[in-house]
Structure formats: structure tokens, C-alpha cells
Amino acid sequence: MPIAAVYLRKKILATFDETTPTSQLIHLDLPMDQRGAYPLQRLKIISHYPFGLVSAWSYMQLTQTVFVYPQQRKPVQQENHQHNKNSMNDGDQKNMHGSDEFDGLTPHQIGMNMKRVSWKHYAKTQQLMVKEFVNYSAQSVFFDFNQLQGSTESRLQQLSYLISQAYLQGTTYGLQLESISFEVSEGKEHCKNCLEALSRFSKIAKD
């Protein structure tokens with residue numbers, strides 16, 4: 001059975017046995033270890049028959065770009081570089097970094113947790129009312145490059161961590177990266193766009 005290999009700039013990225021299926025998924029170990037955006041260059045696919053008596057090759061010109069995201073670094077104090085998007089422009093910043101805050105009473109419905117019943121209100125009115133709370137920790141947050149401490153690379157690494165964690169936790173978030181701004185959103189595509197922006201970032205800052 002012939003053996004095939006994929007080359008990039010004379011370096012082998014992967015080898016595999018040729019198979020009969022018309023398509024095959026191959027993992028390429030690209031030689032890129034620095035943060036950045038790398039346009040893929042021409043790949044060479046070569047097939048060697050046993051003992052090297054016959055070889056055949058072809059070139060593949062790709063148009064995709066490979067993004068190497070910044071390494072993730074957990075910030076020392078997360079509160080210093082994120083803020084509640086809904087409270088940015090008003091003076092009421094209630095419990096931005098807390099969890100729940102009392103928001104009012106609502107009539108009890110079947111299935112509601114009895115632990116949330118306001119028994120003081122029931123003693124006065126004989127009406128079952130349930131305490132409602134606002135979960136401020138679940139509100140959207142905004143990550144700002146300029147509010148972080150450290151070198152440019154350190155800040156990008158912290159943002160990489162924060163964005164990845166927000167995505168995994170299902171938190172809606174936005175990003176301010178110097179003149180580049182991403183509105184508050186969520187989902188895989190939003191995470192991908194933000195991380196790619198970190199990869200492309202080229203500001204040279206004084207450490």
C-alpha cells in the first residue's frame with residue numbers, strides 16, 4: 001500500500017496510508033507557536049510506493065488563514081477589568097459583582113419554591129407572595145484592553161482567558177480592543193471573532 005505525506009516548506013506535517021474513500025480527514029501539526037494570523041501557503045502532497053520506486057505528487061493552494069490565539073492567563077483580580085454593560089452609563093450600579101438582589105414581590109404560582117414566600121407579607125394580608133431577585137452576576141459584561149494591567153501580550157492573554165470563560169459559562173459579553181469594539185453578544189461565532197481579533201492585534205506597548 002502506498003504511503004502519502006503532506007509537506008509545508010519541505011517539512012512533513014502528516015503522513016498517512018492511502019485509502020479508497022474519496023475524502024479523508026487529516027490532522028496537520030502546523031509549525032506555528034507564536035500568536036498571530038497565518039495565511040496558509042501551498043501544501044505539497046506526495047505519495048511513495050514501496051521501496052521508493054515510484055513517487056507522485058500534487059500541490060494544493062489554500063486560501064484559509066490559521067489563527068493562533070493568545071495563551072490564556074487568569075487575571076489576578078477579575079473585577080478590575082470587566083464591568084456590567086447595562087450599568088455603564090447610569091449612576092445606579094447595584095451589586096455589580098454580587099450575586100442576587102431583592103427586586104420585589106410577585107403572586108405565588110403552583111410549583112414555585114415555598115422557601116421564597118414572604119411570610120411577613122402573608123401574615124399581614126393572607127396573600128402568598130414570592131420574593132423575586134435580580135441575578136446581576138448573570139448580566140452581560142464588557143472586557144476592556146485598557147483596563148487591564150501588564151504588557152500588551154499579558155493583557156491579550158488575560159482577555160483570551162476571560163472571553164473563553166464567558167463563552168463556556170454562557171455569559172453575554174462585549175470587547176473593547178483599542179479602536180476595535182465588539183458589541184455584547186454570545187455564541188461560538190462571537191467567541192471566534194473576538195479571539196481572532198486578539199490574534200491579529202499588533203499594538204506595541206511599553207512594558
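Which residues form a nonpolar patch on the surface? In this predicted model, the patch consists of Tyr49, Leu53 and Val54, and the accessible area of the three together is about 340 Å². Leucine 53 is located in the loop that runs between strand 4 (43–48) and strand 5 (55–60). With a relative accessible area of 72%, leucine 53 is classed as exposed, since the threshold for that class is over 50%.

Charged side chains were examined next. The structure holds two salt bridges. One of them joins glutamate 153 to arginine 35, with an N to O distance of 2.6 Å. This salt bridge links distant parts of the chain, as the partners are 118 residues apart. Glutamate 153 belongs to helix 2 (residues 152–169), while arginine 35 is in the loop between strand 2 (11–17) and strand 3. Both ends of the bridge fall in the intermediate accessibility class: glutamate 153 is partly exposed at a relative accessible area of 35%, and arginine 35 is partly exposed at 22%.

The side chains of glutamate 196 and lysine 192 also meet in a salt bridge, here with an N to O distance of 2.9 Å. These two residues are both in helix 3 (residues 188–200), where a spacing of four residues places them about one turn of the helix apart. Their accessibility classes are not shared. Glutamate 196 has a relative accessibility of 13% and therefore counts as buried, the limit for that class being under 20%. Lysine 192, at 35%, counts as partly exposed.

Helix 3 also contains cysteine 194. This residue is buried, with a relative accessible area of 0%. Leaving aside neighbours within four places in sequence, cysteine 194 is in contact with Ile163, Tyr173, Leu175 and Phe182. The C-alpha atom of cysteine 194 is 9.3 Å from that of leucine 159, and the two residues are 35 positions apart in sequence. Cysteine 191 is buried as well, with a relative accessible area of 8%.

The structure holds zero disulfides. For cysteine 191, the closest cysteine sulfur is that of cysteine 194, at 7.1 Å, and this distance is too far for a bond. A disulfide would require the two sulfur atoms to be within 2.5 Å. Cysteine 194 is likewise in no disulfide, its nearest cysteine sulfur being that of cysteine 191.

Aromatic side chains were then considered, and the count of aromatic pairs comes to three. One pair is formed by tryptophan 119 and tyrosine 122, whose ring centres are 5.9 Å apart. The planes of these two rings are at 85 degrees, so the pair is edge-to-face, a class assigned to angles over 60 degrees. Tryptophan 119 and tyrosine 122 are three residues apart in helix 1 (residues 119–125), which corresponds to a separation of about one helical turn. Tryptophan 119 is partly exposed, with 47% relative accessibility. Tyrosine 122 is also partly exposed, at 29%.

Phenylalanine 143 and tyrosine 173 form an aromatic pair of the tilted kind, with 40 degrees between the planes and a centre to centre distance of 6.0 Å. The pair links distant parts of the chain, from phenylalanine 143 in strand 10 (residues 141–144) to tyrosine 173 in strand 11 (residues 173–177), 30 residues apart. Phenylalanine 143 and tyrosine 173 are both buried. Tyrosine 173 is also one of the residues in contact with cysteine 194 of helix 3.

Finally, glycine 36 lies in strand 3 (residues 36–39). Glycine 36 is buried, with a relative accessible area of 8%. When residues up to four places away in sequence are not counted, glycine 36 touches Val66, Phe67, Val68 and Ser199. The C-alpha atoms of glycine 36 and proline 70 are separated by 8.2 Å, although the two residues are 34 positions apart along the chain.

How values were computed. Residues numbered from 1 in each chain as written. Predicted model: local features only at pLDDT ≥ 70, side-chain atom pairs only at ≥ 80, totals over all residues. Heavy atoms only, no water. Buried < 20%, exposed > 50% of the residue type's maximum accessible area, 1.4 Å probe, protein only. Patch = residues over 30% accessible without salt bridge, like charges linked within 9 Å, V, L, I, M, F, W, Y side chains within 5 Å. Areas by Shrake-Rupley, 256 points an atom, 1.4 Å probe, with all protein chains shown as cover. Salt bridge = Lys/Arg side-chain N within 4 Å of Asp/Glu carboxyl O. Contact = heavy atoms within 4.5 Å. Phe/Tyr/Trp six-rings, centres within 6.5 Å; stacked < 30°, edge-to-face > 60°.
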